Amino acid sequence: MRGGSARRSVGARVWRMADAVLFEFLHTEMVAELWAPNPDPGPGGPKMSLSVLEGMGFRVGQALGERLPRETLSFREELDVLKFLCKDLWVAVFQKQMDGLRTNHQGTYVLQDNSFPLLVPMASGLQYVEEAPKFLAFTCGLLCGTLHTLGFQSLVTASVTALPACRFQVVILKS
């Protein structure tokens with residue numbers, strides 16, 4: 001009996017690792033496709049690509065929010081929702097918790113991830129700091145979409161000072 005449960009947990013860990021690798025690969029390919037040289041770039045260029053990634057993340061965040069347990073959907077306090085994002089949502093998407101959460105108690109929150117999984121592959125040099133925003137746009141949309149499903153309108157931005165650490169600033173918009 002014990003051997004069976006050990007095999008199951010090891011198997012689950014392998015699937016989690018495989019899921020993480022597949023997600024990172026998919027994300028990298030989305031970014032690469034949106035920034036591929038285009039002979040007819042049209043209006044918008046890079047800003048349009050960031051918008052597309054944020055939109056994709058928003059829809060994924062909405063879908064994740066719709067699949068949350070009913071007790072999660074009953075959050076009414078902003079801080080409780082942000083704690084949920086830092087712990088449960090981050091674990092579900094990135095297999096780790098957010099490293100920090102700060103607030104000014106006026107609707108602005110800063111979520112700190114000291115080793116953001118989508119930035120780890122490029123953490124070998126400072127030359128990639130300027131490339132980081134395109135790897136954060138999807139996640140900004142993801143956070144915004146999840147918050148929207150939970151009943152909170154928000155504006156989410158991200159910043160990087162040293163790879164692979166990043167900060168997500170979440171401003172809850174008052175109705």
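These are my notes on residues I looked up in this structure, which is a predicted model.

**Entry 1: the core**

I started with the largest nonpolar core, which has 39 residues. I asked which members touch the most other members. They are Leu 82, Leu 111, Phe 116, Leu 119, Leu 147, Phe 168 and Val 170. Next I checked which elements feed this core. Helices α1 (2-34), α4 and α5 each supply at least two residues, and so do strands β2 (108-113) and β4. As a general note, nonpolar side chains in soluble globular proteins tend to be buried together.

I then listed the contacts of Leu 111, skipping neighbours within four places in sequence. Leu 111 is in contact with Leu 82, Cys 86, Met 98, Gly 100 and Leu 101. The list goes on with Cys 166, Arg 167, Phe 168 and Val 170.

**Entry 2: Cys 166**

Cys 166 sits in strand β4, residues 166-172. Is Cys 166 buried or exposed? Cys 166 counts as buried because its relative accessibility is 1%, and the cut-off for buried is under 20%. Beyond four places in sequence, Cys 166 is in contact with Leu 111, Gln 112, Asp 113, Phe 116, Leu 119, Leu 136, Ser 159 and Val 160. I took the C-alpha distance to Phe 116. It is 6.7 Å, with the two positions 50 residues apart in sequence numbering.

**Entry 3: Leu 142**

I moved to helix α5, residues 133-149, where Leu 142 lies. Leu 142 has 2% relative accessibility, so I log it as buried. Its contacts, again leaving out neighbours within four places, are Gly 57, Phe 58, Val 60, Gly 61, Leu 64 and Val 93. I also looked at Gly 55. The C-alpha atoms of Leu 142 and Gly 55 are 8.5 Å apart, and the residues are 87 apart in sequence.

**Entry 4: Glu 78**

Glu 78 is in helix α4, residues 78-94. Which side chain does the side chain of Glu 78 meet in a polar contact? It is that of Tyr 109, at 2.8 Å. Glu 78 counts as buried, at 15% relative accessibility. Outside its sequence neighbours within four places, Glu 78 is in contact with Gly 107, Tyr 109, Phe 152, Ile 172 and Lys 174.

**Entry 5: salt bridges**

I searched the whole structure and got four salt bridges. In general, side chains of opposite charge can pair when their charged atoms come close.

Lys 96 forms a salt bridge with Asp 113, with the closest N and O atoms 2.7 Å apart. This pair links distant parts of the chain. Lys 96 is in the loop between α4 and β1 (100-103), while Asp 113 is in strand β2, 17 residues apart. Asp 113 is buried, at 0% relative accessible area.

Lys 96 also pairs with Asp 99, where the closest N and O atoms are 3.6 Å apart. Asp 99 is partly exposed, at 42% relative accessibility. I therefore checked the three together: Lys 96, Asp 99 and Asp 113 are linked in a network of salt bridges, and Asp 113 is its buried member at 0%.

Another bridge joins Lys 134 and Glu 131, with the closest N and O atoms 2.5 Å apart. Lys 134 is buried at 15% relative accessibility, whereas Glu 131 is partly exposed at 28%.

**Entry 6: a surface patch**

Last, I looked at the surface. Met 48, Val 52 and Met 56 form a nonpolar patch there. Together they have about 230 Å² of accessible area. Met 48 lies in helix α2, residues 46-66. At 48% relative accessibility, Met 48 counts as partly exposed.

Note on methods
Residues numbered from 1 in each chain as written. Predicted model: local features only at pLDDT ≥ 70, side-chain atom pairs only at ≥ 80, totals over all residues. Heavy atoms only, no water. Helix = DSSP H or I, 4+ residues; strand = E, 2+ residues; numbered from the N terminus. Buried < 20%, exposed > 50% of the residue type's maximum accessible area, 1.4 Å probe, protein only. Contact = heavy atoms within 4.5 Å. Polar contact = N/O pair within 3.5 Å; in protein donor to acceptor, adjacent residues only side chain to side chain. Core = buried A, V, L, I, M, F, W, Y, C linked by side-chain atoms within 4.5 Å. Patch = residues over 30% accessible without salt bridge, like charges linked within 9 Å, V, L, I, M, F, W, Y side chains within 5 Å. Areas by Shrake-Rupley, 256 points an atom, 1.4 Å probe, with all protein chains shown as cover. Salt bridge = Lys/Arg side-chain N within 4 Å of Asp/Glu carboxyl O.
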